[in-house]
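Here are my notes on this one, as numbered points. Have the viewer open while you go through them.

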Amino acid sequence: MILDLFKLDGKVAVVTGANTGLGQGMCVALAQAGAKVCGVARRSCDDTKKAVEENGGEFFEIIADLGSTKQIDYIISEAKNKFGKIDILVNNAGIILREDAVNVTEENWDKVIDINEKVVFFLAQAAAKEFIAQGTGGKIVNICSMLSYQGGIRVPAYTASKSAILGLTRALANEWAGKGINVNGIAPGYMATNNTSQLRDDEKRSGEILERIPAGRWGTPDDMMGAVIYLCSDAAAYVNGFTLAVDGGWLAR
Ligand code: NAP
């Protein structure tokens, strides 16, 4: 039956940036759908663990810094040691640094590109190697942005990184679809999380943004739930290299 295809019972998911915001919402969604969840972040994921367990799920915290590739092997081995395998990777962790383009330092450029783009690739590569070795196939979901499509203002490195991973999502899908690995993306619109707190605190920018969202509200972590479950499930078995906007209609304007 069609609804059974959305179930993730017995699957193991690794979600980066799991302690707050969109990552937290997606951990809860994956658990509700039946997956065991490994959440990665630098700081404690206690709130997420609590929320997952309240939904009857199982959550395992992996404290790691995704500012470089150094801890990728550690993340994969921790997840495997705990649950025996990996079926799903949600590449969600990311940062945004707001600065006029003329003032962006190389250090800040690298910081954003390393976590939002370089580590996204190498974590996807590490997960794909596991999927291939397991012979199970798997699912990778990269969290993109409206700035995968648009330029944005005062966030050049962020726009560069998010535009890059939309292309990367297509490139990896082409290589790995034949191996049973679905690589897709989700492009959230303007969501109320820490990532946008500066923007929401700016009354003028916040008003301009809200006025442009057809749905008439900022998105929430709950708005990500349906999209991530779909792309991580067998219901999306023939969906490859596509990035789904969850944006209240922002891109439709
Ligand atoms: P958030 O509330 O700022 O959360 C970011 C997450 O990334 C946190 O869990 C954080 O964990 C983790 N993280 C950041 N740097 C890390 C590092 N070096 N190592 C390990 N983890 C790290 O942001 P969010 O809004 O939920 O965003 C999640 C994703 O969605 C990001 O990729 C963001 O670019 C994207 N996105 C957000 C929006 C939006 O409107 N909010 C829109 C489009 C796309 P720690 O606290 O432990 O560092």
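Where is the place of valine 141? Its place is in strand β5, and that strand is a handy starting point for the rest.

1. Ground rules. This is a predicted model, in which local features need pLDDT of at least 70 and side-chain atom pairs count only at pLDDT 80 or more, while totals for chains, interfaces and linings use all residues. Residues are numbered from 1 along each chain as its sequence is written, and side-chain values use heavy atoms, with hydrogens and water left out. Helices (H or I, at least four residues) and strands (E, at least two) are DSSP runs, numbered from the N terminus.

2. The sheet. Seven strands form an open sheet in the order β3-β2-β1-β4-β5-β6-β7, with parallel pairing. Two strands pair here if DSSP finds at least two bridges between them. The edges belong to β3 (59-63) and β7 (243-246), each with a single partner strand, so one side of each has no neighbour in the sheet. From one strand to the next, the twist averages 20 degrees; angles run from 0 to 180 degrees between N-to-C directions, and axes are lines fitted to C-alpha atoms, for helices over the stretch in contact.

3. Partners of β5. On one side, four bridges join β4 to β5, and the two run parallel; isoleucine 88 stands opposite lysine 139 in β5. With β6 (residues 181-188), β5 (residues 138-143) pairs in the parallel sense over six bridges. As general background, strands of a sheet pair through backbone hydrogen bonds, either parallel or antiparallel.

4. Burial of β5. Six of the six residues of β5 are buried, so the strand is largely enclosed by the rest of the structure. The cut-offs are under 20% relative accessible area for buried, over 50% for exposed and partly exposed in between (1.4 Å probe, protein chains only). Gly138, Ile140 and Asn142 point one way from β5, while Lys139, Val141 and Ile143 point the other way, and all are buried. Yes, that includes the lysine.

5. Valine 141 itself. Its relative accessibility is 0%, so valine 141 counts as buried. The bridge partner of valine 141 in β6 is asparagine 184; the two are 43 residues apart in sequence but 5.0 Å apart in space, C-alpha to C-alpha. Not counting residues up to four places away in sequence, valine 141 touches Leu89, Val90, Asn91, Asn184, Gly185, Ile186, Leu231 and Cys232 (contact means heavy atoms within 4.5 Å).

6. A helix on the sheet. α5 lies across β5, β6 and β7, running at about 160 degrees to β6.

7. α4 against α5. Two packed helices are described by the angle between their axes and the distance between the axes. For α4 (residues 106-134) and α5 (residues 156-176), the axes come within 8 Å and cross at roughly 15 degrees. α4 and α5 are therefore roughly parallel to each other; the classes are under 35 degrees for roughly parallel, over 145 for roughly antiparallel, 65 to 115 for roughly perpendicular and oblique for the rest. The crossing of α4 and α5 is right-handed, meaning that the near helix is turned clockwise from the far one by less than a right angle (anticlockwise would be left-handed). Among the contact residues are Trp109, Val120 and Phe121 of α4 and Tyr158, Leu168 and Trp176 of α5. By class, this contact has 16 nonpolar, three polar and two charged residues. Ala, Val, Leu, Ile, Met, Phe, Trp, Tyr, Cys and Pro count as nonpolar, Asp, Glu, Lys and Arg as charged, and the others, Gly among them, as polar.

8. Leucine 168. This α5 residue is buried, with a relative accessible area of 17%. Leaving aside neighbours within four places in sequence, leucine 168 is in contact with Val120 and Phe121.

9. α3 against α4. The axes of α3 (residues 72-83) and α4 come within 10 Å and cross at roughly 40 degrees, and the two helices are therefore oblique to each other. Their crossing is right-handed. α3 contributes Ile72, Ile76 and Lys80 to the contact, and α4 contributes Val119, Phe122, Leu123, Ala126, Ala127 and Glu130.

10. One backbone item to look at. Arginine 154, in the loop between β5 and α5, has a positive phi of about 65 degrees although it is not a glycine. Most residues other than glycine have a negative phi. Arginine 154 is partly exposed, with a relative accessible area of 38%.
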